[in-house]
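Work through the exercises below with the model open beside you. Each task is followed by a solution in steps.

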Amino acid sequence: MEMWIIIAVVVAFLIWRMKPTKGVGTISATQLKNILNDKDKVFVDVRTPAEYKGRNIPQFKNIPLGSSFDKLPKDKEIVVICQSGMRSSQACKQLKKQGFERVTNVRGGMSAY
C-alpha cells in the first residue's frame, strides 16, 4: 500500500513538472523558421555556452538557464530554445514569473530544428 502512495506521488510530481505554464505559447521548429527575421521578437538560447558554440541559430542570443533575464525587453515576445525543449520550458516559467507577458517555447528544441 505504501509503495502505491509513493508511486502516485512521483507520477503526480512528474505530471506537474511537465505541464505547460499558463500563458506560455509553443511553436514547432518549422514555425520557428518562419519568424526568425521578426524584429518584434527576442530569441534566447538557454543551452550551455559549449552547446551554443557547437551549433546555434544566429538570431538567438545565448543566455544559459540559471542566468539573469533582467536585460531582456518586456515589451517584445521572447522566443526560447534549448536542446530538447525541457530547459527552455523551465526558462519560460522563470520569464513568466518575472513579469514577461509574451513568452514562447520552441517544442523539441535544437534536436527538432
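**Exercise 1. Overall layout**

Task: Count the helices and strands, then give their order along the chain.

Solution:
- The model is predicted. It holds 5 helices and 5 strands.
- Reading from the N terminus, the order is α-β-α-β-α-β-β-α-β-α.
- The C-alpha trace spans about 55 × 30 × 25 Å along its principal axes.
- Of the 113 residues, 34% are buried.
- Take the contacts with a separation of 6 or more. Residues 24 or more positions apart account for 66% of these contacts.
- The exposed area is about 7,300 Å², and carbon and sulfur atoms supply 59% of this area.

**Exercise 2. A nonpolar patch**

Task: State which residues make the nonpolar surface patch, and place Val11.

Solution:
- The patch is made by Met3, Trp4, Ile6, Ile7, Val10, Val11 and Ile15. Its area is about 730 Å².
- Val11 belongs to helix α1, residues 2-18.
- Is Val11 buried, partly exposed or exposed? Its relative accessible area is 42%. Patch residues need over 30%. Exposed would require over 50%, so Val11 counts as partly exposed.

**Exercise 3. Salt bridges**

Task: Count the salt bridges and describe the Lys41 pair.

Solution:
- The criterion is a side-chain nitrogen of Lys or Arg within 4 Å of a carboxyl oxygen of Asp or Glu. The count comes to 4 salt bridges.
- Lys41 and Glu77 form one of them, at 2.9 Å from N to O.
- This pair links distant parts of the chain. Lys41 sits in strand β2 (residues 41-45) and Glu77 in strand β4 (residues 77-81), 36 residues apart.
- Apply the burial cut-off, under 20% relative accessible area. Lys41 has 18%, so Lys41 is buried. Glu77 has 15%, so Glu77 is buried too.
- Asp38 joins Lys41 and Glu77 in a network of salt bridges.

Task: Compare the burial of Asp45 and Arg47 with that of Glu51 and Arg87.

Solution:
- Asp45 and Arg47 form a salt bridge, with their closest N and O atoms 2.8 Å apart. Both residues are buried.
- The side chains of Glu51 and Arg87 also meet in a salt bridge, 2.8 Å from N to O.
- Glu51 lies in helix α3 (residues 49-54) and Arg87 in helix α4 (residues 86-97), so the pair ties together parts 36 residues apart in sequence.
- Glu51 has 27% relative accessibility and counts as partly exposed. Arg87 has 24% and also counts as partly exposed.

**Exercise 4. Helix α4**

Task: Check the span of α4 against the expected value.

Solution:
- The helix has 12 residues. At 1.5 Å a residue, the expected span is 16 Å, because the rule multiplies 1.5 Å by one less than the number of residues.
- The end C-alpha atoms are 17 Å apart, which agrees.

Task: Which residues of α4 are buried, and what do they pack against?

Solution:
- The buried residues are Ser88, Ser89, Ala91, Cys92 and Leu95.
- Down the axis of α4, these residues fall within an arc of 160 degrees, so they line one face of the helix.
- They pack against β1 (24-27), β4 and β5 (103-106).
- Just after α4, Gly99 takes a positive phi of about 95 degrees.

Technical notes
Residues numbered from 1 in each chain as written. Predicted model: local features only at pLDDT ≥ 70, side-chain atom pairs only at ≥ 80, totals over all residues. Heavy atoms only, no water. Patch = residues over 30% accessible without salt bridge, like charges linked within 9 Å, V, L, I, M, F, W, Y side chains within 5 Å. Areas by Shrake-Rupley, 256 points an atom, 1.4 Å probe, with all protein chains shown as cover. Helix = DSSP H or I, 4+ residues; strand = E, 2+ residues; numbered from the N terminus. Buried < 20%, exposed > 50% of the residue type's maximum accessible area, 1.4 Å probe, protein only. Arc of directions from axis to C-beta. Contact = heavy atoms within 4.5 Å.
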